[in-house]
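Open the structure in your viewer and keep the selection tool at hand. This tour moves from stop to stop.

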Amino acid sequence: MSAITRDEVAHLARLSRLALTDDELAHYATQLDAIIESVAKVAEVAAEDVPPSSHALPLTNVFRADEVRPSLTPEQALSGAPAVEDNRFRVPRILGEEA
Amino acid sequence: MTVDTHMPYDEALARFEPVLGLETHVELGTASKMFCGCKTTFGAPPNTQVCPTCLAFPGSLPTANAVAIESTIRIGLALNCSIAEWCRFARKNYFYPDMPKNYQISQYDEPLCFDGYLDVEVDGRTVRVEIERVHLEEDTGKSTHVGGATGRIQGADYSIVDYNRAGIPLVEIVTKPVEGTESLAPDVAKAYVTELRETLRSLGVSDVRMEEGSLRCDVNVSLMPRGASEWGTRTETKNVNSLRSVERAVRSEIERQAAILADGGRIIQETRHFHEDTGVTTPGRSKEEAQDYRYFPEPDLVPIAPDPAWVATLKEALPELPSVRRKRLQAEWGVSDLDMQAMHNADAFDLVEATVAAGAPAADARKWWMGELARRANESGVALAGLPITPAQIARVTELVASGALNDKLAREVLEGVLAGEGSPDEVVERRGLRIVNDEGELSAIVDQVIAGNADAADKVRSGKIAAAGALVGGVMKASRGKADAARARELILEKLGVSE
């Protein structure tokens, strides 16, 4: 039985602004399920005395001094943008009419 | 845009109990951004303070700004918070073009500071506003919406984005729900933001300019019917860009929600937008579904573990906080609560304190700043501190008055001269010839002249109507252009007319 439902995949797709077909929803539900199952195996070996880890490096407090470094020029910054206006990134309409 | 019905405030309060919550965002005044070395200068040309990291180019990695971490901890300490011994940044995922990464680096269930409070004075009583958390995140870029009728996001054809602000360190300060403020809710909200702003200013961590957006406030309001035990649904009002707006937004939201609830309607949990011009709120960007930011620990940054000894040092080194300072100044100056409030409202503490430090008696320093100078600041529409006169100059004027060289009228002229850019008080006295006439011979001559020119009044005084001497003193002051010592002139007048008091 699948732990990840098609509805959940549809929800995630919507949050990620991905248009998925019905076939794709079913396909990814199966795949995501397999991924979750694999990750869940870690829980089987994790003992009480092993704290959860979110990072591969056993480090804390890695900071940089508050010093200004050179920025890009606007030309450089915008060179990869699909559309530019007034030295700003031009993006499609954010909200639909109904909002 | 439809205008909502509002219930009169008093009626709304009679039927419902308001619960407040405040979320304040503060841009820190660091030289560089939170996770990269770009400058943070306000008002720079678009996209001139951006780099691969704050633009989220592939392969770039963030590194946390040490000063931003320290400033956040200092804010937490000033707000009586506990400081986390270990915490992490988290990714807040959302698709919106104000963040080029499609996520914002923020903190989620492990804020750097938590469980504090800030006491505020409202209407003679102290209200303790409890602080839920203080966390560190990065600011977003600035979008401009093009097309459509109103320049707002709704109905715009497209938007253009400047990422200069994206990545500037941003501290979010969240209160716990504030209950029991009753009709004072709008005042408590305003007093809280005012006190918070002053606290942040005293820490020197931000320039806290609401009009430039370095201090921004979201106001949460809910109402529950009298006698109910469960809180109502809250709304979150954004775009509250001045202290006065904080007060107005709370009031307006109470009135609007009360009208809906009284009519049998229900409040929708939504983000609303405050309008400075009309003082009302309108629905903002609709949340298409329940917020689902899928937070997870930020893998590109390692945890923060502030050394408790270092935190203790930071706490030790905190500056005198505004509330403590106010109590000290009030005791030193010996003034009433009302006078303190007036000085507070006029933003005069620094000026009066500096004037006293420059040698003026507290009463005189306060008198000039809150009287003549407040009036002139008001006339020219500038803040008291914006007047072109220094506390040391005011102190010099009080010294000249105390020594008898000036009277109050002349002192006002000196101030006028200094404000007009005519130089220091001594220079103005010199150039305008404002010294009191101390020369007995000169004064005596003026008195003789005035008596001769006002025979009627002089006769009245001679016949014993001493009150008539006032007119003669006035004449002397006028003839000397205010430079005579009025008390001495009166003595001379009576002496010359052969009467005594």
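What follows is a walk through a predicted model, from the contact between two chains to single residues and a helix.

**Stop 1: where the chains meet**

Colour chain A and chain B separately. Across the contact, 35 residues of chain A touch 43 residues of chain B. Now select strand 1 (63–64), helix 3 (74–78) and strand 3 (88–92) of chain A; these are the elements that each give two or more residues to the side touching chain B. Which of them gives the largest share? Strand 3 of chain A does, with 5 residues. Next, colour this side of chain A by residue class. You should find 17 nonpolar, 7 polar and 11 charged residues.

**Stop 2: a pairing between chains**

Stay at the contact. Select strand 1 of chain A together with strand 2 (residues 64–65) of chain B. The two strands pair in the parallel sense, over 2 bridges. Click on Phe63(A). Opposite Phe63(A), in strand 2 of chain B, stands Ala64(B).

**Stop 3: the sheet of chain B**

Hide chain A. In chain B, 9 strands make up an open sheet with mixed pairing. Trace the strands in the order 3-6-7-10-1-11-12-13-14. Which strands lie at the edges? They are strand 3 (82–83) and strand 14 (281–283) of chain B, each pairing on one side only.

Go inside the sheet and select strand 7 (residues 125–138) and strand 10 (residues 169–175) of chain B. They are antiparallel to each other and share 7 bridges. For one pair of partners, show His135(B) and Glu172(B): Glu172(B), in strand 10 of chain B, is the bridge partner of His135(B).

Add helix 3 (residues 185–203) of chain B. This helix lies across strand 1 (16–27), strand 6 (113–122), strand 7, strand 10 and strand 11 (215–225) of chain B. Against strand 6 of chain B, helix 3 of chain B runs at about 115°.

**Stop 4: the domains of chain B**

Zoom out and colour by domain. The domain assignment of chain B lists domain 1 (9–310), domain 2 (322–406) and domain 3 (440–496). Between the centres of domain 2 and domain 3 of chain B, taken over C-alpha atoms, the separation is 35 Å.

**Stop 5: two residues with positive phi**

Most residues other than glycine have a negative phi. Here are two that do not. Select Asn80(B), in the loop between helix 2 (66–78) and strand 3 of chain B. Its phi is near 60°. Is Asn80(B) buried or partly exposed? Asn80(B) is partly exposed, because 16 other C-beta atoms lie within 10 Å, while 20 or more would make a residue buried.

Jump to Asp347(B), in the loop between helix 7 (337–345) and helix 8 (349–357) of chain B. Asp347(B) also has a positive phi, near 60°. With 14 C-beta neighbours inside 10 Å, Asp347(B) too counts as partly exposed.

**Stop 6: a helix with two sides**

Finish at helix 14 (residues 455–462) of chain B. Its buried residues are Ala457(B), Ala458(B) and Val461(B). Why do they sit on the same side of helix 14 of chain B? Because they cover an arc of only 100° around the axis. Rotate to the other side of helix 14 of chain B, where Ala455(B), Asp456(B) and Asp459(B) are exposed. Then show helix 13 (440–453) and helix 15 (469–479) of chain B; the buried residues of helix 14 pack against both. Last click: Gly464(B). This glycine follows helix 14 of chain B and has a positive phi, near 105°.

Conventions. Residues numbered from 1 in each chain as written. Chains lettered and ligands numbered in written order. Predicted model: local features only at pLDDT ≥ 70, side-chain atom pairs only at ≥ 80, totals over all residues. Contact = placed C-beta atoms within 7 Å. Helix = DSSP H or I, 4+ residues; strand = E, 2+ residues; numbered from the N terminus. Nonpolar A, V, L, I, M, F, W, Y, C, P; charged D, E, K, R; others polar. Pairing = 2+ DSSP bridges. Axes fitted to C-alpha atoms, helices over the stretch in contact; angles between N-to-C directions. Domains from an automatic or database assignment. Buried ≥ 20, exposed ≤ 12 C-beta atoms within 10 Å, placed from the backbone. Arc of directions from axis to C-beta.
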